[in-house]
Amino acid sequence: MTGSGKRKDAPTGGGGAQQAKKKKAGGNAGKWKTPHHMAKAANNQESSLQAGEPGIWVTCARHQESKAAREIGVLFAEYADKMYGIKGVHDAEKKEGEEDEDEDDIEAAIKKEVEALNANRKGTDGGHNMTPLKMNVDCLMFVKTKPPIDPVAFVRRIVEDAKSAKETGQMKCRYVNRLTPVSVTGKATEQGLEGVAREALAPFFDLTGKKTDVDQFTEAAAKPAAETEAGSEKASNENSQPAEKGFTFAIRPSVRNNSSLKRDIVINTIAGLINNERHKVNLTSPDKVILVDVYQKVCGVSVVDGDWEEFKRYNLTELYGQGQGSKEKKEKK
């Protein structure tokens, strides 16, 4: 027996190095990128939250994300029709055998519910009016919106109806909790936050910057509500005409999965943009509430009415419960 049965040694010399170089130069770890792979990569990018995309944050009951996704799809489709005339044929009833289908795929569940909404009416740039996104956090979803849908007005109409719902049959959601509109989004950096805040706050506030070095937030927290309101009204009357009265405000930040933009940084960055001689901080009963949401690499800002707390921070579950409670009290009387 000679060496005829032995496996041949691998070639030596420059040939192996050249082959490795070719493999490296080709990219993608030496694998071909098929049209399917490219389409999948593009879809993954479209399905992630990007800077510059407004929308609505949705929180829900733990381990009920799929059911909440279906509820939010039906709810948003209904109000898109009511407010903007965006019509679509929607079958809210489950077909037989569909109950557990895609139970764990939240994004698929939302897409199924808003499919009809997007079918007949497109956004100004040809895209869908609403795009659901699945977040890598429990109990959290995001729905991107495009014109003509205004996230703030859209959510406001929903919570107003929820607050006035007196009958159990008027409750449209069981698993959805809070809705948070986001008017403008950008990169979650101090510079990005400042740019986003300027765009979102410009219609409501004088953004000529802080005029005094007084810490209004500490001062407002220490003062009784009546004193704060009286001082704000007095300053407004002295410095401007009634028609130009400066709004009082409170800043409510929420930071998720981000370690660079701390709560204090968010508050100080936004407060530093606002003329604090004209606009006073009021933490108890502000005219406007500035909502700031930071999630991973994206930050968003919106301005809502000062009764945000009265509307249970736009928590549908609490609003429905409040409506039922008021009805029970009236019946006892």
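Let's start with strand E7 and where its side chains go. Lys288, Ile290, Val292 and Val294 point one way from the strand, while Val289, Leu291, Asp293 and Tyr295 point the other way, and all of them are buried. Keep in mind, please, that this is a predicted model. Eight of the eight residues of E7, which spans residues 288-295, are buried, so the strand is largely enclosed by the rest of the structure.

Who is the partner here? Strand E6, residues 249-256, is joined to E7 by eight bridges, and the two run parallel. If you want a place to begin on screen, find Phe249, which stands opposite Lys288 in E7.

Now, over to the open sheet. Four strands make it up, in the order E2-E3-E1-E4, with antiparallel pairing. Which strands sit at the edges? Those are E2, residues 130-134, and E4, residues 176-182, each of which pairs on one side only. From one strand to the next, the twist averages 20°.

Let me stay with E2 for a moment. Four of its five residues are buried, so to speak of it as mostly covered is fair. Five bridges connect E2 to strand E3, residues 140-145, and these two run antiparallel. You can follow the register by eye: Met130 stands opposite Thr145 in E3, and Thr131 stands opposite Lys144. The hairpin of E2 and E3 has five residues between the strands, and here is a nice detail to look for: Cys139 takes a positive phi near 65°.

What lies across this sheet? That would be helix H5, residues 151-164, which lies across E1 (55-60), E2, E3 and E4 and runs at about 150° to E4.

H5 has a helix to pack with as well. Helix H3, residues 65-84, packs with H5 at an angle of about 105°, and their axes are 11 Å apart. The two helices are therefore roughly perpendicular to each other. On the H3 side, the contact is made by Leu75, Phe76, Tyr79, Ala80, Lys82, Met83 and Tyr84; on the H5 side, by Ala153, Phe154, Arg157, Ile158 and Asp161. By character, the residues of this contact divide into nine nonpolar, no polar and three charged.

One more residue I'd like you to see is Asn315. You will find it in the loop between strand E8 (298-305) and helix H10 (316-332). Is Asn315 buried or exposed? At 9% relative accessibility, Asn315 counts as buried. Leaving aside residues up to four places away in sequence, Asn315 touches Asn177 and Arg178. Both neighbours bring us back to the open sheet, where edge strand E4 covers residues 176-182.

Finally, a friendly word about confidence. The chain averages a pLDDT of 77, and 60% of the residues score at least 70. Two stretches deserve some care when you look at them. Over residues 22-26, pLDDT stays under 50, and the model has two contacts for them beyond four places in sequence. Over residues 39-46, pLDDT again stays under 50, and there the model has four contacts beyond four places in sequence.

That's my tour, thanks for listening!

Technical notes. Residues numbered from 1 in each chain as written. Predicted model: local features only at pLDDT ≥ 70, side-chain atom pairs only at ≥ 80, totals over all residues. Heavy atoms only, no water. Pairing = 2+ DSSP bridges. Axes fitted to C-alpha atoms, helices over the stretch in contact; angles between N-to-C directions. Contact = heavy atoms within 4.5 Å. pLDDT = per-residue confidence, 0-100. Parallel < 35°, antiparallel > 145°, perpendicular 65-115°, else oblique. Nonpolar A, V, L, I, M, F, W, Y, C, P; charged D, E, K, R; others polar. Buried < 20%, exposed > 50% of the residue type's maximum accessible area, 1.4 Å probe, protein only.
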